Amino acid sequence: MVQVKPNHDLLPVRAEYTQGSGFQIGLNYLVTEEPMWYTMADIISTMILTSKTPEIIRAIRIIPGKPQEGLREIKLRGEIPINPAKDNFFKRVIELRKQVKKQVKTKGDEPDAMQLFLKILANSTSYGVYIELNREEESEETEVQIYGLKSFLYKDKQVEKHGRYYNPLIAVMITGAARLILAMMEKTTLDLGGNFAFCDTDSMSIIDLENDMPEKIGRQVVERFKSLYPYNDPSGNSSLLEAEDYNWGRKDWTKDTDKKNTEEGKYFPLYCYMVSAKRYVLYNLIPDENGSFKPVIRKKSDHGLGHLRSPLSKKEDKSKWIDEVWLSNICREHRLDFPGMAQLSVSKPGLYNVLNRDREKPYSEQVKPFNFMLVAYPENSGSLFGGDTLITEFYCREHKAIALNGCSNKGKCKYAGGCFANLHKTPITPYADVKDATQLPWQEKNTKGPLAVKVNGKGSKGSYTASSFGPESEDNYLLTDD
């Protein structure tokens, strides 16, 4: 533990960053006259990221004693032997989980239950029990001692009592070490020319907006962390960071699952749409039959929506409605939603002439009076014709010239009645199967001109997320595309 006097040092600070949101922890360039305590890992983190050494006032080293006597061997779930007098308990549990996970692919659900048990055991016993606090309601106000930057007495009916294995020194060392790993990942990524879209407790989404090579940078970051791998691995190829299944393409895109359905090691561009901290979705864009793209969600966060009651019936997957909310946002951003379509009659000679420009066609192939046509309404939802929903090129009778975009004087112009300025496009085409809408000969109803189909959806630069380390190992890292 290190006491420092922060002076523009990048350190974790607990604060209410948004009014009413509660206190959260974030990295900030901190300045204060009052000395503050941090773990040595946090001090190393700020030195790595800023190349600046904080002013250290005092340091305390905590040295563990000898193991207690009387420890004896046990069997986890009655199957797996652990000898706490000889084994490093957490290291052993993680190694066992990795062994069991390899069996899941071939033996199915029974080994999967064991690996889930080992995962929860590792997470809760390696960190959770050391920071366990239980809130109790007293009948009368009780005087309690508060410890923090300052120590003081406080009276309240609600009192926090620590759990059986409560040890805040161990707990803060673990979280400090996790932040150090993230700082090392960030520094390595920046040195390789990349950046990151977001980072979580044990993961970082690496992006490369300059050269669009997030996977290459991600693999290099993983390689750099091999020397820190603390578990036994005969192959010597394991790293502290690993890849999430979301990084890889699926064998069958018609199946909405990654389980036994990923092409491991084959990178498929994974996009990241973010709203705020803890509110993001990871997805792929898959070509569809219309020449556009279909978003496929690979991982989503429920923050911001998870507290709401599902509108679906009990028999339906209640998480699917949250998928639909994310898909709505994704389609809007990529302009993937098709326009609203209407079926109307060819009831005027003007429409008949527009739809029958090709007079060389046999009469049997021409549109007949009072046949049907399709009308699209791109101003409401679609992007079939690009992002412009207004008529952008028209003839101005006032100035006797071709005008571009809109007109600010239309309300006062004597030619306003027949002017196309500021009007929405109204695409029309002979009636056909709307599933093939991108192949139809669309024309603009007002200007009588042809309309080119512009299918959007191509993403921008890619990203790569390396994640998972320590006892909370989740065997993952993550490719995302910003």
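Three exercises with worked solutions follow.

This is a predicted model, in which local features need pLDDT of at least 70, side-chain atom pairs count only at pLDDT 80 or more, and totals for chains, interfaces and linings use all residues. Residues are numbered from 1 along each chain as its sequence is written, and side-chain values use heavy atoms, with hydrogens and water left out.

**Exercise 1.** Determine whether R250 is buried or exposed, and find which side chain it joins in a polar contact.

Solution.
- Step 1: Locate R250 in strand β12, residues 248–250 (strands are DSSP runs of E, at least two residues, numbered from the N terminus).
- Step 2: R250 counts as buried because its relative accessibility is 5% (buried means under 20% relative accessible area, exposed over 50%, partly exposed in between, with a 1.4 Å probe and protein chains only).
- Step 3: The side chains of R250 and D258 form a polar contact of 2.7 Å (a pair of N or O atoms within 3.5 Å; within protein, one must be able to donate a hydrogen and the other to accept it, and residues adjacent in sequence count only if both atoms are side-chain atoms).
- Step 4: The R250 side chain also reaches the backbone oxygen of K255, at 3.3 Å.

**Exercise 2.** Place E398 and list its contacts beyond four places in sequence.

Solution.
- Step 1: E398 sits in the loop between β19 (393–396) and β20 (401–404).
- Step 2: With 40% relative accessibility, E398 is partly exposed.
- Step 3: Its contacts (heavy atoms within 4.5 Å) are C413, K414 and Y415.
- Step 4: Between the C-alpha atoms of E398 and K414, 16 residues apart along the chain, the separation is 8.1 Å.

**Exercise 3.** State how exposed L169 is.

Solution.
- Step 1: L169 belongs to helix α4, residues 168–191 (helices are DSSP runs of H or I, at least four residues).
- Step 2: L169 is partly exposed, at 39% relative accessibility.
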